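Here is a short tour of a protein model, written for someone who is new to reading structures. Have the picture open while you read.

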Amino acid sequence: MYQDLLMLLPPRSVVFDEPMANHTTFKIGGPVDALVIPQSIYELKTTLEYCAAKQVPWLVFGAGSNLLVRDKGIRGVAIQITQLNSIQICGQKVYAEAGVMLSELAYAAASFNLSGLEFAEGIPGSLGGAIVMNAGAFDGEMGKVVSEVEAITPTGEHKVLSRSQVGFGYRQSVFQHNDYVVVAARLVLKDDEEPAIVARMKAYAARRWEKQPLEYPSAGSVFRRPPGHFVGPMIEALGMKGYSIGGAQVSTKHAGFIINNGGATAEDVLQLIALIQEKVADQYGINLQSEIRVLGEP
Ligand SMILES: Cc1cc2nc3c(=O)[nH]c(=O)nc-3n(C[C@H](O)[C@H](O)[C@H](O)COP(=O)(O)OP(=O)(O)OC[C@H]3O[C@@H](n4cnc5c(N)ncnc54)[C@H](O)[C@@H]3O)c2cc1C
């Protein structure tokens, strides 16, 4: 199916029946009918035009670090934008394409003596995904450093959104509620010295390794933080640390993470999420919301 994409795109940009487990940090997910990895904005637009003309369902993703793809996979076209990954730096201003990885961007900024992305270095996502999720850590978040976002609408129109138009909130942005593809962003950073910036990044990384189960596949914190509460300690108090369903396990290091302990299916993870939600609702009267985006055929 969708073999006619090869009449529009070079073979290196399209893979058919590709397991999404190969493209998510959870290492979980059934096959997508067609995975397009555009090498240029032209190829991205061509793919969107194809999907619109043929009424093919499509979605876009970055590093797959906040995704749980269901076991039956994805029907239609998944567009991974990680090959759109150039970075330009001039003074305190950074222009980067959405597919650049946050760690690379943070180190590139540091090498130009620019501070402001230290918090992002250990987040294993792309710039685009981080903008969509308003990713944050250690008192930093994307909304504090992004000044403008460039996006393409499903009809191929180019849009430039100011920071206020992006509507950054706690793990929120307007891009969670529209069909735009984020293609690039402008950031404004602050002057500092590279050694001091790198030292902060290393200190943050050490804290992550101490507290988070980075040695296992996961999609990071599973739940959004309810106001006034911390999810990890609540789950721990329920005695669920280490609790498993199939290959999915509540991390013994950080109960806010579910890890793939080997061979986990999306169904295992979804059942574990539902069980945690039920127990937290019973015990604390709080409805935990998933931060992880669940995609694919139910
Ligand atoms: C070990 C670990 C630690 C983590 N730590 C943190 C943390 O400290 N703070 C934090 O906030 N998050 C954290 N995360 C979660 C995740 O890394 C972030 O949410 C990250 O920003 C997601 O980026 P991504 O490129 O992987 O997005 P994906 O997972 O690929 O996609 C996330 C969502 O964004 C959409 N999307 C992605 N790219 C685009 C685009 N270009 N245009 C339009 N929509 C797009 C997708 O459709 C999906 O809905 C962690 C994850 C892991 C595995």
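The axis of a helix is here a line fitted to C-alpha atoms over the stretch in contact, and the angle between two axes runs from 0 to 180 degrees between their N-to-C directions. Keep in mind that this is a predicted model.

**Two helices side by side**

Two packed helices are described by the angle between their axes and the distance between the axes. Let's try that on helix 2 (residues 102–111) and helix 6 (residues 194–211): their axes are 8 Å apart and the packing angle is about 155°. Angles over 145 degrees count as roughly antiparallel, and helix 2 and helix 6 are therefore roughly antiparallel to each other. On the helix 2 side, the contact is made by A106, A110 and S111. Helix 6 brings E194, I197, V198 and M201 to that contact.

**The domains**

Now zoom out. The domain assignment splits the protein into domain 1 (3–80), domain 2 (87–197) and domain 3 (213–295). Taken over C-alpha atoms, the centres of domain 2 and domain 3 are 27 Å apart.

**Helix 1 and its two sides**

Helix 1 covers residues 41–54, which makes 14 residues. At 1.5 Å a residue the helix should span 20 Å, and its end C-alpha atoms are 20 Å apart, so the two agree.

Which residues of helix 1 are buried? They are E43, L44, T47, L48, Y50 and C51. These residues cover an arc of only 155° around the axis, which puts them on the same side of helix 1. There is a handy rule behind patterns of this kind: an α-helix has 3.6 residues a turn, so residues three or four places apart point the same way. On the other side of helix 1, Y42 and A53 are exposed.

And what do the buried residues of helix 1 pack against? Their partners are strand 2 (31–36), strand 3 (58–61), strand 5 (74–80), strand 11 (146–152) and strand 13 (181–188). Right after helix 1 comes Q55, which has a positive phi, near 50°.

**Helix 8**

Helix 8 (266–284) has 19 residues and reaches 26 Å from its first C-alpha to its last, close to the 27 Å expected at 1.5 Å a residue. Its buried residues are A266, D268, V269, L270, L272, I273, I276 and V280. They pack against helix 7 (231–237) and against four strands listed by name: strand 4 (67–69), strand 16 (244–245), strand 17 (248–250) and strand 18 (257–260). Helix 8 is followed by G285, whose phi is positive, near 70°.

**Positive phi in loops**

Most residues other than glycine have a negative phi, and most peptide bonds are trans. That makes a couple of loop residues worth a look. F138 has a positive phi, near 45°, and lies in the loop between strand 9 (136–137) and strand 10 (140–141). R171 has a positive phi too, near 50°, and sits in the loop between helix 5 (163–166) and strand 13.

**Some loop residues and their surroundings**

A residue is partly exposed when its count of other C-beta atoms within 10 Å falls between the exposed limit of 12 or fewer and the buried limit of 20 or more. Here are some loop residues with their counts:

| Residue | Other C-beta atoms within 10 Å | Class |
|---|---|---|
| F138 | 14 C-beta atoms | partly exposed |
| R225 | 16 C-beta atoms | partly exposed |
| E291 | 17 C-beta atoms | partly exposed |
| R171 | 18 C-beta atoms | partly exposed |
| Y216 | 19 C-beta atoms | partly exposed |

Take E291, in the loop between helix 8 and strand 19 (293–295). E291 and A219 are 72 residues apart in sequence, and their C-alpha atoms are 9.4 Å apart in space. Leaving out residues up to four places away in sequence, E291 touches R171, S221, V222, F223 and R224.

Y216 is in the loop between helix 6 and strand 15 (218–221). With M234, the gap is 18 residues in sequence and 22 Å in space, C-alpha to C-alpha. Not counting residues up to four places away in sequence, Y216 touches I259, N260 and N261.

Lastly, R225 is in the loop between strand 15 and helix 7. R225 and E194 are 31 residues apart in sequence and 33 Å apart in space, C-alpha to C-alpha. What does R225 touch, not counting residues up to four places away in sequence? It touches F230 and V231.

Terms used:
Residues are numbered from 1 along each chain as its sequence is written. This is a predicted model: local features need pLDDT of at least 70, side-chain atom pairs count only at pLDDT 80 or more; totals for chains, interfaces and linings use all residues. Domain bounds come from an automatic or database domain assignment. The expected span of a helix is 1.5 Å times one less than its number of residues. The arc is that of the directions from the helix axis to the C-beta atoms. Two residues are in contact if their C-beta atoms, placed from the backbone, lie within 7 Å. Angles under 35 degrees count as roughly parallel, over 145 as roughly antiparallel, 65 to 115 as roughly perpendicular and the rest as oblique.
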